[in-house]
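Welcome, and please open the structure in your viewer. We will go from stop to stop, selecting a few residues each time and saying what is there.

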Amino acid sequence: MSQAFEVNFDGLVGPTHNYSGLSFGNVASTGNQRAASNPKLAAKQGLAKMKALHDLGFKQGVLAPHERPDVASLRQLGFGGTDAQVIARAAKEAPAILAAATSASCMWTANAATVSPSGDTADGRVHFTPANLNNKFHRSIEHPTTRRILQAMFADESRFAVHAALPAQMHFGDEGAANHTRFCHEYDGAGVEFFVFGASAFDARYPKPARFPARQTLEACHAVARLHGLKEGGVVYAQQDPDTIDAGVFHNDVISVGNRNVLFHHEKSFLQQQDVLDELARKLAAVGGQFVPIEVPQAEVTVEDAVKSYLFNSQLLSRADGKMIIVVPEECRNIERVWTYLQKLVHSGGPIAEIRVFDLKQSMQNGGGPACLRLRVALSASEIAAVNPNVMMSETLFGTLNAWVDRHYRDRLAPEDLADPQLLVECRTALDELTGILGLGAVYPFQLA
Ligand SMILES: NCCC[C@H](NC(=O)CCC(=O)O)C(=O)O
């Protein structure tokens with residue numbers, strides 16, 4: 001039995017969680033614009049999922065939120081004076097930009113980085129490339145802090161390589177692990193890395209969606225594979241079906257999810273879907289795995305229902321007996337056809353044998369489900385031992401973080417509250433304490449100044 005694990009690092013929801021309708025193409029985000037949010041509840045819903053998976057015996061870690069509003073970005077855009085004046089001026093002259101600079105979007109850590117386990121890379125280290133998230137301004141400001149936090153968690157350079165993000169430019173638009181799946185036989189053996197892109201920036205022969213943006217480019221996928229030292233035989237590229245992007249599938253993890261040798265996906269996930277599945281099967285076989293595709297037909301679950309329920313934004317977790325648990329959001333239970341499908345799935349005798357449902361409504365209303373909230377890092381036992389131990393979930397850390405949330409978070413944020421300069425003070429106070437709890441050192445601009 002191999003001593004290797006998939007560790008899920010979930011984003012701890014930050015104190016400024018709010019609904020600003022910032023993500024054109026993400027129908028939940030634009031649909032809930034200006035709704036009041038509850039940051040305290042959002043953070044607790046996320047912590048409850050982390051704790052439940054920890055209690056089930058899975059390795060679970062925490063990724064810290066960022067300093068918001070991002071005053072440095074506002075200054076770069078010409079708002080000057082003291083921090084309070086910067087916020088007041090932005091609130092008056094450009095409230096949408098203030099909202100973008102205040103987003104807690106780093107909570108969706110599936111977009112934090114792309115991760116290649118050591119079994120796949122040329123130098124035998126675990127490689128991370130923080131995503132530039134170049135398609136949306138509010139997300140494009142995440143990667144410098146994400147990189148510092150990853151370096152503080154995976155500090156041992158003999159085992160871990162944390163790269164800089166790709167050039168911050170639409171040609172290299174990169175959304176991280178949300179468009180990346182890694183198949184394998186054992187987590188620490190060689191695997192097949194599956195990169196899904198929405199468009200090509202340099203090659204006009206690839207089709208493009210008509211209505212909504214394609215956030216990830218083929219060229220970004222190639223660059224990450226090069227940086228990580230992946231082998232030709234261990235990589236598969238596929239283009240997302242542009243029609244599904246136009247239906248609201250803004251990341252591949254809204255239409256498919258994989259774990260070990262299984263790819264759970266919708267009939268309309270990829271262009272030339274059968275060729276893609278055949279290539280995955282062939283390349284996985286070459287590293288000792290037997291590929292199992294589970295395809296959901298449009299006749300049973302439509303793309304529209306997939307977007308509404310986030311059926312595919314689920315987590316597939318391997319139990320000790322080899323069967324898999326599917327972790328879904330409450331919304332799946334509320335849509336009858338989806339729930340009926342899930343019942344059939346777990347009784348089919350296939351690899352997915354158990355459903356766990358979580359209430360993640362605060363995140364879901366911004367288009368972030370269970371899978372969006374976690375960054376997967378497959379690690380060997382010795383690699384886990386080299387991770388900063390303070391970020392690993394435990395009974396104690398769960399209690400500490402819940403109490404921390406109780407002390408620092410508001411239970412309501414309405415759009416007008418984003419103009420309150422006190423929010424920045426509250427966020428910095430909370431994060432200064434958090435870096436102590438998680439043993440991160442100085443990672444935020446206010447700590448580095
Ligand atoms: N993987 C899920 C990401 C969800 C995220 N939503 C947002 O940023 C919405 C924020 C807002 O509208 O306030 C996004 O679209 O990138």
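Before setting off, keep in mind that this is a predicted model.

**Stop 1: the ligand**

Start by selecting the ligand and the residues around it. The shell holds 20 residues, and the closest are Ser 20, Leu 22, Ser 23, Ser 29 and Cys 372. If you colour this shell by type, you will find six nonpolar residues, 13 polar ones and one charged residue. Keep Cys 372 in mind, one of the closest residues to the ligand, for the next stop.

**Stop 2: the annotated active site**

Now select Glu 175, His 251 and Cys 372, which an unreviewed UniProt entry annotates as "active site". They are spread over 198 residues of sequence, yet they cluster in space, with a largest C-alpha distance of 11.1 Å.

Zoom in on Cys 372 first. You will find Cys 372 in the loop that runs between helix H14 (361–364) and strand E15 (374–380). Is Cys 372 buried or exposed? With 27 other C-beta atoms within 10 Å, Cys 372 counts as buried, because the cut-off for a buried residue is 20 or more. Show its contacts beyond the neighbours within four places in sequence: Trp 108, Ala 110, Ala 178, Asp 253 and Asn 313.

Then move to Glu 175, in the loop between strand E5 (160–162) and strand E6 (180–184). Glu 175 is buried as well, with 29 other C-beta atoms within 10 Å. Again leaving out neighbours within four places in sequence, its contacts include Asn 111, Ala 131, Arg 215 and Gln 216. Two further contacts of Glu 175 are His 251 and Leu 133; His 251 belongs to the annotated site, and Leu 133 is where we go next.

**Stop 3: some backbone surprises**

Here is a rule of thumb for this stop: most residues other than glycine have a negative phi, and most peptide bonds are trans.

Select Leu 133, in the loop between strand E4 (126–130) and helix H6 (137–140). Its phi is near 45°, a positive value in a residue that is not glycine. Leu 133 is buried, with 26 other C-beta atoms within 10 Å.

Next, pick Tyr 310, between helix H11 (303–309) and strand E12 (315–318) in a loop. Tyr 310 also has a positive phi, about 60°, without being a glycine. Count 27 other C-beta atoms within 10 Å of Tyr 310, and you can see why this residue is called buried.

For a peptide bond to look at, go to Arg 68 and Pro 69: the bond joining them is cis, with omega about -5°. Pro 69 sits in the loop between E2 and helix H3 (71–76).

**Stop 4: strands E1, E2 and E15**

From Pro 69, step back to strand E2 (residues 60–63). Both of its faces are covered: Gln 60 and Val 62 are buried on one side, Gly 61 and Leu 63 on the other.

Add strand E1 (residues 4–11), which runs parallel to E2 and is joined to it by four bridges. To see the pairing, select Asp 10 with its bridge partner Val 62, then Asn 8, which stands opposite Gln 60.

What does E1 pair with in the antiparallel direction? The partner is E15, joined to E1 by seven bridges; select Glu 6 and Ala 378 to see two residues standing opposite each other. Seven of the eight residues of E1 are buried, so this strand is largely enclosed by the rest of the structure.

**Stop 5: two helices with a buried side**

Select helix H4 (residues 83–93), where Val 86, Ile 87, Ala 90 and Ala 91 are buried. Look down the axis of H4: these buried residues fall within an arc of 130°, so they line one face of the helix. That fits a general pattern: an α-helix has 3.6 residues a turn, so residues three or four places apart point the same way. On the other side of H4, Gln 85, Lys 92 and Glu 93 are exposed. The buried residues pack against H3, helix H5 (95–102) and helix H17 (422–437).

Finish with helix H8 (residues 218–228), whose buried residues are Leu 218, Ala 220, Cys 221, Val 224, Ala 225 and His 228. They cover an arc of only 160° around the axis, which puts them on the same side of H8. Their packing partners are strand E3 (113–116), E4, strand E7 (191–197) and strand E8 (235–239). Just after H8 comes Gly 229, with a positive phi near 70°.

Note on methods:
Residues are numbered from 1 along each chain as its sequence is written. This is a predicted model: local features need pLDDT of at least 70, side-chain atom pairs count only at pLDDT 80 or more; totals for chains, interfaces and linings use all residues. A residue is near a molecule or strand if its C-beta atom, placed from the backbone, lies within 6 Å of it. Ala, Val, Leu, Ile, Met, Phe, Trp, Tyr, Cys and Pro count as nonpolar, Asp, Glu, Lys and Arg as charged, and the others, Gly among them, as polar. UniProt positions are given in the numbering used here, feature names are shortened, and annotations may be inferred rather than shown by experiment. A residue is buried if 20 or more other C-beta atoms lie within 10 Å of its own, exposed if 12 or fewer, and partly exposed in between; C-beta atoms are placed from the backbone. Two residues are in contact if their C-beta atoms, placed from the backbone, lie within 7 Å. Two strands pair if DSSP finds at least two bridges between them. The arc is that of the directions from the helix axis to the C-beta atoms.
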